[in-house]
Amino acid sequence: MSIATKNPTIKNSVLEFKSTTFSVPVLAIYETELGHIKSLLKEKISQAPEFFKNSPLVIDLQEINRQEEAFDLLPLIDFLRENKLIPIGLGGGNNKQNNLAIEQNIPLHTIRNSQANKVVTQNTEKNKKDLVINRRAAEPDTAIVESMLISQPIRSGQRIYAKGDLIIMSHVSAGAEVMAEGNIHVYGSLRGRALAGVQGNKKSRVFCSSLQAELISIAGHYKTSEELDKTEHNSPVQIYLQDQALIIKEL
Amino acid sequence: MARIIVVTSGKGGVGKTTTSASIAMGLAKKGHKTAVIDFDVGLRNLDLIMGCERRVVYDFVNVINGEATLNQALIKDKRCNQLFILPASQTRDKDALTQEGVGKILDELAKDFKYIICDSPAGIERGANLAMYFADDAFVVTNPEISSVRDSDRMLGILASKSRRAENNEEAIKEYLLLSRYSPERVSLGEMLSVEDIQDILSLHLLGVIPEAKSVLNASNSGTPVILDKESTAGQAYEDIVARYLGEDRPHRFINEEKKGLFGKLFRSK
Ligand SMILES: Nc1ncnc2c1ncn2[C@@H]1O[C@H](COP(=O)(O)OP(=O)(O)OP(=O)(O)O)[C@@H](O)[C@H]1O
Ligand SMILES: [Mg+2]
């Protein structure tokens with residue numbers, strides 16, 4: 001796939017979508033006890049208040065979900081916001097947590113495990129690794145094979161296939177087709193065809209900021225534009241599969 | 001370094017040749033040595049619009065086949081000594097153009113010229129693909145109607161994947177939107193797509209809006225690129241486009257209706 005970034009250098013353009021990779025602190029949670037998390041966080045913040053003030057943060061729930069422990073995300077988000085941290089992403093969440101994140105306007109991310117490069121590691125209590133704040137690339141870069149990030153519009157006649165998640169920063173034109181084995185995110189209008197979970201992943205979803213699609217499919221269950229409910233037309237939505245039926249929900 | 005500009009659209013009859021002729025003349029008038037090439041083998045008409053049809057001896061295909069040198073085939077414009085036209089062949093079929101042959105000619109032109117304008121034929125086949133393959137910049141000519149916009153979108157997809165720059169993983173072709181045959185009155189009446197509608201679909205940098213104008217036909221009939229007609233709104237639009245392309249900051253014109261009577265205001269407030 002060679003979709004190079006183009007660079008309109010004309011001065012009087014109003015805006016431009018660019019893609020970039022940047023580092024964001026990731027807050028990895030390893031224990032579910034909220035009180036404990038809060039006190040540790042408070043301590044961290046007091047050590048470097050300037051560093052944390054208005055800092056964006058990605059929440060990583062991979063570990064606790066691997067242990068299959070229930071964790072209520074909302075109080076954590078509230079606590080972070082109260083303390084001037086800005087959660088901008090969730091990784092490793094389960095369905096419920098992911099839904100909650102979307103409701104809270106927090107996008108979902110795929111977080112890579114390796115290459116984590118810890119800035120603040122040990123907390124004061126020995127032997128207890130309750131939380132670790134890592135700094136790692138929150139945006140996928142070329143080293144990640146699982147998700148594909150495209151900043152150009154997908155034009156009529158083009159087909160894109162992603163082995164993992166597919167993130168499109170621009171629009172998908174009518175007559176274009178985007179496919180992913182994972183989720184599909186379209187940060188512009190979705191006017192073409194979008195097929196998520198093409199290898200059968202029923203948990204995959206399609207997110208877009210304006211639904212005008214010709215066809216939406218998740219794990220083979222599809223709706224054509226005729227069947228896509230007109231009420232959700234043109235609004236930001238997510239689409240997922242529930243009991244063999246495609247559910248379209250406004251974001 | 002020469003800059004190769006393809007004037008393309010997908011859909012036919014939207015104003016590519018009109019645009020190629022005026023842009024080439026405009027750049028040459030600004031003192032840049034410019035060549036304009038007709039890629040429409042079998043349906044040549046750039047020479048008509050440039051007013052040099054009676055001076056054609058050799059054509060593009062002759063040069064590719066080694067039957068004439070580039071210098072023999074290039075026609076020097078009588079109005080501007082910086083402008084040269086390479087006409088298409090009327091008698092050959094489209095297969096006469098080869099990628100290798102076209103590449104060689106462009107390389108040779110690039111040594112001597114500042115701008116090389118490639119007037120693409122309609123469609124997404126061989127001729128159109130060859131016209132855009134070597135391009136650095138693409139002027140995508142679109143009319144304010146949905147089929148034209150769709151075809152431009154399709155062309156943009158091809159530009160992004162099947163050009164020399166794409167194949168060599170170089171910086172992508174710079175794409176510009178030229179909205180042609182625009183009529184603000186008809187946009188108000190809902191008969192045509194507006195600039196915003198089109199921008200929304202194509203997400204492309206707008207280089208200029210060329211209004212629908214009778215003067216275009218008159219200019220073509222007399223073999224004069226419309227940019228030379230100072231009275232013509234279309235000519236002025238092309239003048240702006242050349243200036244903007246060369247880096248000048250000019251406000252867009254011809255987007256709104258000229259006279260804003262009560263009737264116009266009512267529609268515009270919608
Ligand atoms: N701004 C304009 N106002 C009015 N008529 C125009 C305008 N631009 C182009 N035309 C007319 O539209 C017709 C097609 O123009 P032109 O030949 O430039 O299109 P083209 O895209 O090169 O066509 P083809 O695809 O056949 O090569 C011509 O009759 C021309 O005079
Ligand atoms: Mg033409």
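Start by selecting B:Arg181, which sits in strand S7 (residues 174-182) of chain B. Please keep in mind along the way that this is a predicted model. Turn on the backbone and look at phi here: B:Arg181 is a residue other than glycine, yet its phi is positive, near 60°. Is B:Arg181 buried, or is it exposed in part? At 40% relative accessibility, B:Arg181 counts as partly exposed.

**A matching stop in chain A**

Now jump to A:Gln244. This residue lies in the loop between strand S16 (237-242) and strand S17 (245-250) of chain A. A:Gln244 is not a glycine, but it has a positive phi of about 65°. With a relative accessibility of 56%, A:Gln244 counts as exposed, because the cut-off for exposed is over 50%.

**All of chain B**

Next, select the whole of chain B. You should find 13 helices and 8 strands there. Of the 270 residues in chain B, 56% are buried. Color the chain by confidence and you will see an average pLDDT of 93, with 96% of the residues scoring at least 70.

How does chain B connect along its sequence? Take the contacts in chain B between residues at least 6 apart in sequence: 74% of them join residues at least 24 apart. If you switch on a surface, chain B exposes about 12000 Å², and carbon and sulfur atoms supply 47% of that area.

**Helix H11 of chain B**

Zoom in on helix H11 (residues 214-221) of chain B. Which residues of this helix are buried? They are B:Ser215, B:Val216 and B:Ala219. Look down the axis of H11(B): the buried residues fall within an arc of 105°, so they line one face of the helix.

Now rotate to the face of H11(B) turned away from its buried side. The exposed residues carried there are B:Lys214, B:Leu217, B:Asn218 and B:Asn221. To see what covers the buried residues of H11(B), add helix H1 (16-29) and helix H12 (233-245) of chain B, which are included in that cover. Before leaving, step just past the end of H11(B) to B:Gly223, where phi is positive at about 70°.

**All of chain A**

Hide chain B for a moment and select chain A. Here there are 5 helices and 17 strands. Buried residues account for 49% of the 251 residues in chain A. Among contacts in chain A between residues at least 6 apart in sequence, 43% join residues at least 24 apart. The surface that chain A exposes comes to about 12500 Å², with carbon and sulfur atoms supplying 49% of it.

**Confidence along chain A**

Color chain A by pLDDT. Its mean is 79, and 76% of its residues reach 70 or more. Select residues 1-11 of chain A: the pLDDT is below 50 over this stretch, which has 28 contacts in the model beyond near neighbours in sequence.

Then compare two elements. Among the elements of chain A, strand S5 (residues 117-120) has the lowest mean pLDDT, 32, while strand S12 (residues 193-196) has the highest, 97. Widen the selection to residues 113-145 of chain A, where pLDDT stays under 50; the model has 81 contacts for this stretch beyond four places in sequence. Where pLDDT is low, the predicted coordinates should not be read in detail.

**Helix H1 of chain A**

Move on to helix H1 (residues 34-47) of chain A. Its 14 residues, at 1.5 Å a residue, should span 20 Å, and the end C-alpha atoms are 20 Å apart, which agrees. Show the side chains of its buried residues: A:His36, A:Ile37, A:Leu40, A:Leu41, A:Lys44 and A:Ile45. Seen down the axis of H1(A), these buried residues fall within an arc of 160°, so they line one face of the helix.

Then click A:Pro49, in helix H2 (residues 49-52) of chain A. A:Pro49 is partly exposed, with a relative accessible area of 45%. Add A:Lys84 to the selection: the two residues are 35 apart in sequence, and their C-alpha atoms are 9.7 Å apart in space.

**Last stop: cysteines and the complex**

Select A:Cys208, which is buried with a relative accessible area of 2%. B:Cys118 is also buried, at 0%. How many disulfides are there over all chains? The count is 0. Finally, bring both chains back into view: the predictor gives the complex an ipTM of 0.78 and a pTM of 0.69.

How values were computed: Residues numbered from 1 in each chain as written. Chains lettered and ligands numbered in written order. Predicted model: local features only at pLDDT ≥ 70, side-chain atom pairs only at ≥ 80, totals over all residues. Heavy atoms only, no water. Disulfide = S-S within 2.5 Å. Buried < 20%, exposed > 50% of the residue type's maximum accessible area, 1.4 Å probe, protein only. Helix = DSSP H or I, 4+ residues; strand = E, 2+ residues; numbered from the N terminus. Contact = heavy atoms within 4.5 Å. Areas by Shrake-Rupley, 256 points an atom, 1.4 Å probe, with all protein chains shown as cover. pLDDT = per-residue confidence, 0-100. Arc of directions from axis to C-beta. Expected span 1.5 Å × (residues − 1).
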